[in-house]
Each structure stands twice: as structure tokens, then as C-alpha cells.
Amino acid sequence: MLVLGIESSCDETGVALYDTEAGLLAHQLHTQIAMHSEYGGVVPELASRDHIRRVLPLTESCLAQAGKQLADIDAIAYTAGPGLAGALLVGASVANALAFALGKPTIAVHHLEGHLLSPCLADPAPEFPFIALLVSGGHTQLMAVHGVGRYELLGETVDDAAGEAFDKSAKLIGLGYPGGPALSKLADTGDATRFTLPRPMLHTPNLDMSFSGLKTAVLNLVTQQSPLDDITRADICAAFQEAIVEVLVKKSLKALKQTGMKRLVIAGGVGANRQLRAAFDDAAKKRGFTVFYPPLELCTDNGAMIAYAGAQRLKERQVAGSFAVKPRWDLA
Ligand code: KG4
Ligand code: ZN
């Protein structure tokens with residue numbers, strides 16, 4: 001079965017072709033980061049218009065890359081939510097229109113399910129069940145994943161998402177948008193011991209997390225150290241990254257311990273963070289669990305994870321699409 005996947009929930013247009021026998025055949029991505037950066041954040045109307053411009057050319061290049069025709073497609077998966085309503089509607093409309101013309105089914109995919117299953121596109125892929133740490137710009141959750149469509153929420157952030165904390169702190173430190181990757185790069189040159197930042201909710205017995213206090217602590221530090229020189233900037237980045245990585249690792253270890261599971265999946269944009277990956281690799285070695293990541297280019301938003309999640313739903317016959325999108329939608 002050949003599944004076309006379309007992602008348009010925020011500022012990335014992603015299109016991919018996944019074959020249930022042959023695997024990922026093609027994936028194409030257009031990021032709007034440059035367009036939004038002059039505004040310091042995503043402008044929803046501009047995002048929708050750009051998705052409209054990109055989605056069909058990207059679909060054509062995917063088909064060309066895979067050597068396939070539109071008529072070869074068996075089903076079309078698209079991100080139905082959560083995300084920006086106008087942006088989601090672009091993917092939903094194109095998917096439904098194409099599917100109608102081809103007489104094929106559509107599959108409405110939850111964006112976070114796409115992230116959650118994205119490590120299954122790597123080799124080796126994790127077997128069920130596993131714990132998933134979802135760390136993106138909009139979400140930070142710990143899930144027990146028992147199978148496709150069988151997700152159990154164990155804990156989540158009570159305020160900002162981890163990626164949001166990265167981006168907001170980066171803005172305070174004077175880095176561009178989205179600042180996560182830039183903050184992380186600068187942190188590599190900094191001294192993490194010069195400043196100590198708080199680790200909110202680190203020792204609470206549950207699996208919930210909180211990152212807004214950390215961002216406020218960065219604001220206080222920036223105010224206190226102003227004007228920032230390059231060394232101070234790098235040292236604040238290093239202290240911030242160390243704090244956030246410690247919270248994410250400790251809470252994930254607690255989730256593994258509580259459930260007795262031995263497989264951990266890291267998914268979502270922040271999963272591209274080098275220090276986070278190093279800390280998880282280290283913990284896995286010491287504590288005897290296995291950690292899985294998506295291929296690096298599939299950590300942030302992309303069509304491949306939507307095509308893959310759609311294909312799994314198709315296998316399980318859990319197929320239902322509609323023109324309606326769900327800007328707010330809980331996975332579990
Ligand atoms: O999963 P994603 O592409 O979009 C959402 O669904 O939100 O995640 C984007 C987030 C942004 O907050 C971005 O700053 C963060 O992931 N991010 C990183 C890194 N690469 C992307 N944060 C820290 N370090 C990175 N290397
Ligand atoms: Zn995402």
C-alpha cells in the first residue's frame with residue numbers, strides 16, 4: 001500500500017510517500033523559518049498562504065523522486081491537528097480533494113502521533129511497548145505507547161513546552177527565531193557551571209514538568225548581567241541547556257522505572273538536541289535500557305512521519321478522514 005502524507009500544521013510544509021512493503025520512498029520539506037523570522041514568530045496567515053504555494057509542487061517532486069504516479073497512491077494521510085487552523089485546513093483540503101478525485105480514502109493523523117511513531121522510520125525501530133518523550137515546540141509529554149492508537153499519558157508540562165522554553169530563552173538572550181538550535185549551538189561553547197538555573201518540579205513524585213520558571217530565571221539573569229558579552233551569553237545558554245536536559249532525562253528515567261519498560265523513544269524537534277541525546281545515551285548505558293531516536297532530519301515537523309502514521313492506521317483499518325481540522329486535540 002502506498003500512502004501519501006501531508007504535514008501543514010505550523011511553519012513546515014512536508015510531503016512524503018511511504019510504502020508499507022518498501023518503506024519511505026520520498027520525502028520533501030519546505031520550511032518557512034526565513035519568512036517568519038523577521039516577525040520573531042510564526043504569522044498564521046502567512047503560514048497558510050505559503051502552505052498553499054508549496055504543497056502541490058512538493059507532492060509532484062515526491063512522486064518524481066519515488067518514480068510513482070498519482071494513480072499509484074492507495075490512501076492520503078494528512079495532519080488534522082493540533083496546530084494552526086488555517087494551516088491545517090490547507091493540508092486537509094488538498095488531501096481530501098486529491099483523495100476524492102482518485103477515489104481513495106483519507107486518514108486524519110494526529111500530529112503528535114506522527115512524532116511519536118517517527119523513530120519507527122529509523123533502523124533499528126523500537127518494538128511496542130515503549131515510553132515516548134515528546135518534546136516539541138508546542139508539547140512536552142511522557143507517554144506509554146502500547147501499540148498504534150494505544151497511548152497512555154503519564155505526565156506533561158504544566159506550562160511551557162520544552163521547545164517553547166528554548167525559543168523564548170533564546171529570544172531573551174538575543175538569538176534569532178526559532179532560537180532552539182542557535183541556543184544549543186552557543187551552549188556548546190559555554191561554561192555550564194558559571195550560573196545555576198532552577199530545575200522546577202524535578203523532585204515531584206509525578207511525571208509532570210514545568211519550564212516557565214526556568215525561562216523567568218533566564219530573564220532575571222539576562223537583566224542582571226546586561227549588557228551581555230559573548231562569553232556570558234554562551235554561559236547562560238549552557239546553564240539553561242543543562243537544566244532543561246536534566247529535567248527531561250530524570251523525568252523519563254522515572255517513567256521507565258514506574259512502568260518497568262526498557263525502551264525509550266525521544267521524539268519532536270527538541271529531540272534533535274545534541275546534549276539531550278548524549279545525556280540519554282549515557283543514561284541508557286548506565287541503566288540498561290535502549291533509547292531510540294528518529295533519523296535527525298525527521299525530528300522536526302515533516303511529511304514522512306504523517307505518511308508513516310497513516311500507513312499504520314491503514315494496516316489497522318483505523319481510517320477516517322474529513323474536511324474538519326482540530327486545532328486543539330489531545331492524543332491521550
Ligand atoms: O517538532 P517541531 O518541529 O514542531 C512542533 O511540533 O512544535 O519542534 C520545533 C521545536 C522548536 O521549539 C525548536 O526550537 C526546537 O524544536 N528545536 C531544538 C533543536 N532543534 C529544534 N531545540 C533544542 N535544540 C535543538 N537542536
Ligand atoms: Zn511537531
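Helices (H or I, at least four residues) and strands (E, at least two) are DSSP runs, numbered from the N terminus. On that numbering, Pro82 sits in the loop that runs between β4 (75-81) and α3 (85-102). The model described here is predicted.

**The chain as a whole**

Ten helices and ten strands make up the secondary structure of the chain. Its radius of gyration is 20 Å, close to the 20 Å that the globule rule gives for 332 residues, so the chain is as compact as a globular protein of that length. The C-alpha trace spans about 60 × 45 × 30 Å along its principal axes. Of the 332 residues, 53% count as buried. The chain exposes about 14000 Å², and carbon and sulfur atoms supply 53% of that area. Among contacts in the chain with a separation of 6 or more, 73% are between residues 24 or more positions apart.

**The ligand site**

Ligand 1 is surrounded by 18 residues, and the closest are Gly137, Asp167, Gly269, Asn273 and Asp301. By class, the shell around ligand 1 holds four nonpolar, twelve polar and two charged residues. Three helices, α4 (111-117), α5 (162-173) and α6 (180-187), each supply at least two residues of this shell.

Oxygen atoms of ligand 1 pair with N or O atoms of the protein at several places. In the side chain of His115, an N or O atom is 3.1 Å from an oxygen atom of the ligand. At Gly137 the partner is a backbone N or O atom, 2.7 Å from an oxygen atom of ligand 1. Gly180 likewise offers a backbone N or O atom, which lies 3.4 Å from a ligand oxygen. The protein covers 87% of the 560 Å² of accessible area that ligand 1 has on its own.

**Three buried residues**

The table gives relative accessible areas for three residues that are described in turn below.

| Residue | Relative accessible area | Class |
|---|---|---|
| Lys215 | 18% | buried |
| His111 | 8% | buried |
| Thr140 | 1% | buried |

Lys215 belongs to helix α7 (residues 212-225). Its relative accessible area of 18% is under 20%, the limit for a buried residue, so Lys215 counts as buried. The side chains of Lys215 and Asp160 are joined by a polar contact of 2.8 Å. Apart from neighbours within four places in sequence, Lys215 is in contact with Asp160, Lys168, Ser169 and Leu172.

His111 is part of helix α4. A polar contact of 3.4 Å links its side chain to that of Ser9. If residues up to four places away in sequence are not counted, His111 touches Glu7, Ser9, Thr79, Gly81, Pro82, Asp301, Met305 and Ile306. One of these, Asp301, is also listed among the residues closest to ligand 1. Ala92 is 19 residues from His111 along the chain, and the C-alpha atoms of the two are separated by 13 Å.

Thr140 lies in strand β7 (residues 140-147). A polar atom of the Thr140 side chain is 2.7 Å from the backbone nitrogen of Ala162. Ala162 is also one of the residues in contact with Thr140 once neighbours within four places in sequence are left aside. The others in that list are Leu134, Val135, Gly155, Glu156, Thr157, Ala161, Met209, Phe211 and Leu248.

**Backbone geometry**

Where does the backbone hold a cis peptide bond? One joins Gly81 and Pro82, with omega at about -10°. Both Gly81 and Pro82 are in the contact list of His111. Another cis peptide bond runs from Asp123 to Pro124, and its omega is near 0°. Pro124 is in the loop between α4 and β6 (130-135).

Met201 is placed in the loop between α6 and α7. Its phi is near 65°, a positive value in a residue other than glycine. Is Met201 buried, exposed or partly exposed? At 25% relative accessibility, Met201 counts as partly exposed, because the class covers values between 20% and 50%.

Conventions: Residues numbered from 1 in each chain as written. Chains lettered and ligands numbered in written order. Predicted model: local features only at pLDDT ≥ 70, side-chain atom pairs only at ≥ 80, totals over all residues. Heavy atoms only, no water. Near = heavy atom within 4 Å. Polar contact = N/O pair within 3.5 Å; in protein donor to acceptor, adjacent residues only side chain to side chain. Areas by Shrake-Rupley, 256 points an atom, 1.4 Å probe, with all protein chains shown as cover. Nonpolar A, V, L, I, M, F, W, Y, C, P; charged D, E, K, R; others polar. Rg over C-alpha atoms; globule rule 2.2 N^0.38 Å. Buried < 20%, exposed > 50% of the residue type's maximum accessible area, 1.4 Å probe, protein only. Contact = heavy atoms within 4.5 Å.
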